[in-house]
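Please open the structure in a viewer and keep the sequence at hand. The tour below proposes one selection after another and describes what is found at each stop.

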Amino acid sequence: MQGEKISIREKIGYGMGDAGCNIIFGSIMLFLSFFYTDIYGLSPALVGVLMLSVRVVDAVTDVIMGAIADRTQTRWGRFRPWLLWMAAPYAVMSVLMFTTPDWSYNAKVVYAFVTYFTMSLAYTAIGVPYCSLGSVITNDPNRLAP
């Protein structure tokens, strides 16, 4: 297979996977502040603290996930298993994050922190290995050329 270019089908398939993940994540980032404040009823200051704290934790978990994914050894490779294992949890957490239980304010705050943090971890567990796939698709850099 050396010297053979990656097919358009493979390139489109790789791009579609990343597009799907980013459509969900982009929607979350665009709509989440509005949802938490105007629909769920949390204070804007609290939502700001929530988003900042999860992003700070995310800076650490991304590095850890990179190390874990790089050390993963399965018959499917290093990165593909993470896409398979984490697709369902990512989808479930994306839905739970926009579920609005009718609880007390403090319980809503805890629920928002837990679901947003867990969704962020699920995104990290998919996003970091997916971004790493590009470097291992081929050992021949000329194979990627159009």
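Begin by selecting Thr61 together with Leu121 and Thr124 in this predicted model. Leaving out residues up to four places away in sequence, Leu121 and Thr124 are what Thr61 touches. Thr61 itself belongs to helix 2, which covers residues 44–71.

Is Thr61 buried or exposed? Its relative accessible area is 16%, and the cut-off for a buried residue is under 20%; Thr61 is therefore classed as buried. Next, add Asp58 to the selection and display its backbone oxygen. A polar atom of the Thr61 side chain lies 3.2 Å from that oxygen.

**The nonpolar core**

Select Leu32, Tyr36, Tyr90, Tyr116 and Met119. The largest nonpolar core has 33 residues, and these five touch the most other members. Colouring by element is useful at this point: helix 1, helix 2, helix 3 (80–97) and helix 4 (105–136) each give two or more residues to this core. Which element gives the most to this core? It is helix 4, with 12 residues.

Now centre the view on Tyr90 and show its surroundings. Apart from neighbours within four places in sequence, Tyr90 is in contact with Cys21, Ile24 and Phe25, and also with Met119, Ala122, Tyr123 and Ile126.

**The nonpolar surface patch**

Turn to the surface and select Leu30, Phe31, Phe34 and Ile39. Together these residues make a nonpolar surface patch of about 430 Å². Within this group, pick out Ile39, which lies in helix 1 (residues 8–39). With a relative accessible area of 47%, Ile39 falls between the limits of 20% and 50%, and so it counts as partly exposed.

**The whole protein**

Finally, clear the selection and view the entire protein as a cartoon. There are 4 helices and 0 strands, and the order of elements from the N terminus is α-α-α-α. Taken along the principal axes, the box filled by the C-alpha atoms is roughly 60 × 30 × 20 Å.

The protein has 146 residues, of which 34% are buried. Switching to a surface display brings up the exposed area, about 8800 Å², with 68% of it supplied by carbon and sulfur atoms. Displaying the contacts completes the tour: among those with a separation of 6 or more, 77% are between residues 24 or more positions apart.

Conventions:
Residues are numbered from 1 along each chain as its sequence is written. This is a predicted model: local features need pLDDT of at least 70, side-chain atom pairs count only at pLDDT 80 or more; totals for chains, interfaces and linings use all residues. Side-chain values use heavy atoms; hydrogens and water are left out. Buried means under 20% relative accessible area, exposed over 50%, partly exposed in between (1.4 Å probe, protein chains only). A polar contact is a pair of N or O atoms within 3.5 Å; within protein, one must be able to donate a hydrogen and the other to accept it, and residues adjacent in sequence count only if both atoms are side-chain atoms. Contact means heavy atoms within 4.5 Å. Patches are made of residues with over 30% relative accessible area and no salt bridge: like charges are joined within 9 Å, nonpolar side chains (Val, Leu, Ile, Met, Phe, Trp, Tyr) within 5 Å. Accessible areas come from the Shrake-Rupley method with a 1.4 Å probe; for residues, only the protein chains shown count as cover. A salt bridge is a side-chain nitrogen of Lys or Arg within 4 Å of a carboxyl oxygen of Asp or Glu. A nonpolar core is a set of buried Ala, Val, Leu, Ile, Met, Phe, Trp, Tyr and Cys residues joined through side-chain atoms within 4.5 Å.
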